[in-house]
Structure formats: C-alpha cells, structure tokens
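Thanks for making the time this morning. I would like to walk you through one model, starting with its ligands and then moving to how some of its helices pack.

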Amino acid sequence: MRQSSLVVVANRLPLDDNVAPDGACEWRRSPGGLASALHAILEGTTATWVGWGGGIGAAPPLPDIGTLRLRPVALSEDELRGYYEGFANTTLWPLYHDAVEQPVFDRGWWETYRTVNRRFAEAAAEVAEPGAAVWVQDYHLQLVPQMIRELRPDVLIGFFMHVPFPPPELFMQLPRRLELLGGMLGADLVGFQREQAAHNVAQLAGKMLGARGADDAIIYDGRVVRTGAFPVSIDVTEMEALSARPYVLNQARQLKHDLGQHKKVLLSVDRLDYTKGIEHRLTAYSELLRDGRIKVRDTVMVQVAVPSRERVESYRGLKDRIEREVGRINGEYGRVGEPAIHYLNQPFDRADLAALYRTADVMVVTPLRDGMNLVAKEYVAARADDTGALVLSEFAGAAAELQDAFQVNPHDLDGLKKTLLDALDATPADLRRRMQAMRAHITENDIHAWARAYLSALDHTGQLARRLPRQRAVLADRA
Ligand code: ADP
Ligand code: F6P
C-alpha cells in the first residue's frame with residue numbers, strides 16, 4: 001500500500017465517470033465549490049485523495065491523476081441513500097443552511113452515516129504515512145477526525161467545513177449533536193469560512209461538552225483544538241487566463257449576438273439547490289417586468305442551474321417549481337424569438353462558463369445562505385477589463401470579502417429589485433472602481449493563499465502540540 005505525507009479526505013473524488021480504455025483518467029471538475037477548490041491545489045502534488053468515485057458498489061482501483069493518487073471508497077445503494085442523500089443532504093445540509101428547508105431526522109440514516117464515516121477513516125488511516133497530515137473536508141465526514149485519531153494517533157488531523165456552521169440554537173436540534181461535535185473536535189485544527197462559525201463552535205463546546213476555550217482554540221479531551229476562519233477561494237490566474245483565450249472571447253461574442261447585441265444580460269450560475277435563492281430571484285425579475293421597470297427588448301436573464309442531488313425529494317420539487325415559474329415568466333413577458341429568461345439545466349465546461357461570465361453585464365449571486373460561493377469570485381476573476389456588476393447576497397460567505405459588490409438581502413424582494421436596477425444602471429466609472437477593488441482582493445487571497453494559510457496553521461498546530469503542556473497551561477489561564 002502506497003502511503004502519502006498529505007492525505008485529503010472528501011466525499012467525492014473529482015474524476016471523470018469514464019476512465020479511458022488506456023486507463024487514463026481526467027479531472028471531471030464536478031460542479032461544486034469543494035471540487036473546484038481542491039482540484040486547484042492538489043493537481044501536481046503527491047497527495048492521496050480519499051473519496052467516493054460516484055458509482056454504486058465495489059470501487060475498482062483508480063489510476064493516478066498525474067502525480068495525485070486516488071483512493072476510492074465504495075458505497076452501496078442503501079449507503080448512498082442513508083449517508084449522502086439522507087443524513088448529509090436531508091438532515092445536515094438544510095440545518096446548516098439556516099433550515100431554509102425543514103431538516104429531516106431519521107435514525108436509520110444516522111447509523112449509515114456513522115458506518116460510512118468509519119469506512120472513510122479506515123481508508124485514510126491506511127494511506128497516511130507515519131506522521132502524515134490528514135485533511136478531512138466538509139459536513140459529510142464530520143465524525144472522521146475523531147475516528148482517525150483513534151486509528152492513527154501519530155497523524156496530524158485537519159478538518160475544514162465548506163458550508164456554514166449554524167448558530168447553537170439550530171445545531172442543538174440535532175438528535176446526535178454530541179457525537180457530531182465531538183467527532184469534528186477530534187481534529188487538531190478545525191477551519192471554517194467565517195469567524196462566526198468558530199464562535200458558534202466554541203459556544204457549543206462549552207455548553208454541551210464542558211470544554212473551555214475561545215474562538216481560536218478549545219480545550220477538549222485533554223488536547224488543544226485550534227479553530228479559525230480560512231475563507232476558501234479560486235484559482236484566479238487560471239480563470240483570468242481562461243477568460244482571455246480566443247475560444248472564450250469568440251464564444252462570448254457569439255453569446256452576446258445570440259442574446260441580443262444591445263441588451264443588458266443578467267446571469268446566474270448555481271447548482272440547482274434551494275439554498276441558492278433561485279425562486280426569490282425569479283420573483284424579483286418577474287416583478288420588475290410586471291412593473292415595466294425592465295423590458296424584454298433591452299434586458300435578458302440567463303439562469304444556469306446545474307442538476308444536483310436529483311433523487312432527493314426537496315430538490316425534485318424545487319426543479320419542478322423553477323421550471324414552472326420560468327415557463328410562466330416567458331409565457332407572460334417573452335416575445336417570439338425573445339424569451340425573458342434562458343434556463344439551462346445542464347453542466348458546462350469551464351471555458352463555456354468563462355464565456356458566460358464574460359457576457360454578463362450583471363452577475364446575480366443571491367443565495368439565502370452559502371458557505372462561500374465561488375461563482376461570485378469566478379465572475380470577478382473573469383472580468384479582467386474591470387467591467388460588469390456583481391449583485392451579491394449578504395448571506396454568502398463571499399460577502400465578507402467582496403464588499404464592493406452590490407450587496408443585498410435576498411429575502412427582501414423590494415430591496416432585491418432595487419439592487420438589480422442599481423446594478424443595471426451603474427455608471428462605468430462606478431463599476432470599474434468596484435471591480436478593481438474586488439479583483440485586488442481575490443488576487444491576493446486566491447486558492448493557493450487559502451491552502452498555504454490552512455496547511456501552515458495545521459503545521460504550526462503540530463509544532464505546538466509537541467509543546468502541549470505549556471500551551472495548554474497558557475490557554476487554560478486565558479479561558
Ligand atoms: P456549491 O459548492 O454550493 O456548489 P460554489 O459557488 O461555491 O457553490 O461552487 C460552484 C462551483 O461549481 C463553481 O466552481 C462553478 O464554476 C461550478 N459550476 C456551477 N454551475 C456549473 C455548471 N452548470 N457546469 C459546470 N460547473 C458549474
Ligand atoms: O460546497 C458544499 C458541497 O456540498 C461540496 O461539498 C460539494 O462539492 C458541493 O457542495 C456539491 O455537492 P454534491 O457533491 O452533493 O454534488
């Protein structure tokens with residue numbers, strides 16, 4: 001068994017469903033922030049990525065992707081339903097996103113979640129070399145840090161939560177809250193997108209586990225668990241280079257021509273998920289048409305909604321509602337050859353996404369709650385000419401960083417309508433100033449900076465752990 005000094009454990013392996021006949025295997029770049037972020041930093045390293053390969057049943061060994069090694073974890077049909085669709089995406093996902101959809105608590109799902117988490121932990125323990133760093137990702141695998149600690153006390157364990165961590169009063173609803181909190185605190189360093197999440201965890205640890213500590217460290221189980229905010233980002237250089245390619249520029253010209261040369265283009269790009277605020281956005285747009293504040297002859301909307309978690313009931317219902325609403329809006333306001341909304345329920349490759357970003361006068365990113373939202377950062381990276389407006393929800397993690405966006409509360413329909421109009425009517429000088437400020441921020445805080453910040457904090461934690469008694473005493477004094 002080959003072992004690595006860095007092991008990343010994430011629910012999904014980001015590989016193409018089809019391994020070519022010669023065994024070659026390509027990045028699938030599945031939609032989703034986690035795959036986008038990790039792809040950028042792991043490509044070209046000798047790390048091992050432990051994850052689910054996307055199929056059902058036995059997981060065949062997978063070829064390396066360049067130097068990166070893949071260690072697939074198998075899931076049965078029942079496990080897929082109980083662990084991924086059930087506990088991860090019908091219990092934790094809605095609860096962690098402010099319960100914008102009612103979370104479902106099912107005891108059977110919990111057992112499956114625990115069994116599958118154990119399988120991921122065992123796979124990681126197998127491929128970690130002595131003293132390795134094992135970096136566990138996201139809410140699917142919240143029990144894994146503690147499980148790895150039991151299996152491999154010699155390794156340094158990191159955990160990063162890509163989604164929001166909820167306020168105590170929401171987390172407390174979870175029937176298995178103690179195990180979930182303790183599982184995550186099995187890590188040496190627990191990273192979040194925003195400071196508030198670290199604060200929430202510190203409060204919960206005090207209240208439920210009798211732990212002591214502050215927002216940057218918690219003393220639990222005789223150890224110091226470091227916590228902190230590490231806002232995830234994108235490969236800015238890659239997106240800039242991509243959006244300057246002749247193919248992308250041609251595609252953007254063609255799109256502009258097809259959508260209407262003189263029209264202002266509003267664009268949204270989301271996984272088809274109820275946290276993304278698609279319905280609120282459609283309502284705002286439709287009301288602007290109804291009120292005559294915008295007209296289809298000079299404005300058009302493009303909504304890309306990539307299929308996601310399609311067997312989960314709440315996602316199926318959402319898809320039906322969105323499709324009905326798009327049909328209604330086009331029926332009421334569209335004209336022959338001139339729809340009000342272009343709705344695209346399909347995946348796009350990176351170059352075509354970049355062309356869309358280049359075409360959009362206004363990028364509308366209005367989730368009801370989002371850990372970060374990398375689409376917002378991708379749009380900014382693609383606008384190297386400092387044009388374009390970003391409308392951004394206050395409830396996206398990205399809002400803490402992209403303060404020069406047109407920020408909005410997506411629940412406030414009148415506010416949303418007004419902000420869309422402000423963005424459509426903004427002067428080129430105002431847009432340039434905003435875009436330059438946002439571009440400067442993401443250039444400095446790109447995905448490589450994120451990985452460096454997290455991994456050096458993890459390393460530092462490891463060094464501190466070797467001086468644990470002194471460190472613990474210092475913290476205990478402060479707490
Ligand atoms: P989430 O992680 O909730 O899906 P993010 O906005 O952080 O949200 O990340 C979404 C990622 O998926 C981005 O990198 C984006 O480019 C990609 N993506 C979104 N829609 C599509 C699509 N239709 N086709 C391909 N990739 C997509
Ligand atoms: O960003 C949150 C997240 O759950 C990621 O873990 C994942 O990459 C993305 O959303 C897409 O979700 P899924 O893997 O369920 O398609």
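**Ligand 1 and its surroundings**

Let me begin with L374, where a backbone N or O atom lies 2.9 Å from an oxygen atom of ligand 1. Please keep in mind throughout that what you see is a predicted model, and that every distance I quote is computed from it. Next to that contact I would put V375, which has a polar backbone atom 3.3 Å from an oxygen atom of ligand 1, and then F348, which places a backbone N or O atom 2.8 Å from a nitrogen atom of ligand 1.

How much of ligand 1 does the protein bury? Taken alone, ligand 1 exposes 570 Å², and the protein buries 93% of that. The shell comprises 19 residues, of which G33, S36, R271, F348 and E378 come nearest. By class, the shell around ligand 1 divides into ten nonpolar, five polar and four charged residues. As for where these residues sit, at least two of them are supplied by each of α1 (33-42), β10 (264-271), β11 (299-306), α12 and α13.

Two of those elements, α12 and α13, also pack on one another, so to speak, and this is where I would turn next. Helix α12, residues 350-359, and helix α13, residues 374-382, have their axes 9 Å apart and pack at an angle of about 70°, which makes α12 roughly perpendicular to α13. On the α12 side the contact involves R350, Y357 and R358, and these meet V375, E378, Y379 and A382 in α13. The residues of this contact divide into four nonpolar, no polar and three charged. You will recognise V375 from its polar contact with ligand 1, and E378 from the list of residues that come nearest to ligand 1.

**Ligand 2**

Which residues come nearest to ligand 2? There are twelve residues around ligand 2, and R12, Y84, D138, Y139 and R309 come nearest. For three of these I can give a side-chain distance: a polar side-chain atom of D138 lies 2.7 Å from an oxygen atom of ligand 2, while R12 has a polar side-chain atom 2.8 Å from an oxygen atom of the ligand, and R309 likewise has one at 2.8 Å from an oxygen atom. On its own, ligand 2 has 380 Å² of accessible area, and the protein covers 89% of that. The shell around ligand 2 divides into six nonpolar, two polar and four charged residues.

**A second helix pair**

Finally, I would like to show helix α10, residues 278-290, and helix α11, residues 313-333, which pack at an angle of about 10° with their axes 11 Å apart. That angle makes α10 roughly parallel to α11. The contact is made by residues including I278, L282 and L289 of α10, and L318, I322 and I329 of α11. By class, the contact of α10 with α11 has eight nonpolar, one polar and five charged residues.

Methods: Residues numbered from 1 in each chain as written. Chains lettered and ligands numbered in written order. Predicted model: local features only at pLDDT ≥ 70, side-chain atom pairs only at ≥ 80, totals over all residues. Heavy atoms only, no water. Axes fitted to C-alpha atoms, helices over the stretch in contact; angles between N-to-C directions. Helix = DSSP H or I, 4+ residues; strand = E, 2+ residues; numbered from the N terminus. Parallel < 35°, antiparallel > 145°, perpendicular 65-115°, else oblique. Contact = heavy atoms within 4.5 Å. Nonpolar A, V, L, I, M, F, W, Y, C, P; charged D, E, K, R; others polar. Near = heavy atom within 4 Å. Polar contact = N/O pair within 3.5 Å; in protein donor to acceptor, adjacent residues only side chain to side chain. Areas by Shrake-Rupley, 256 points an atom, 1.4 Å probe, with all protein chains shown as cover.
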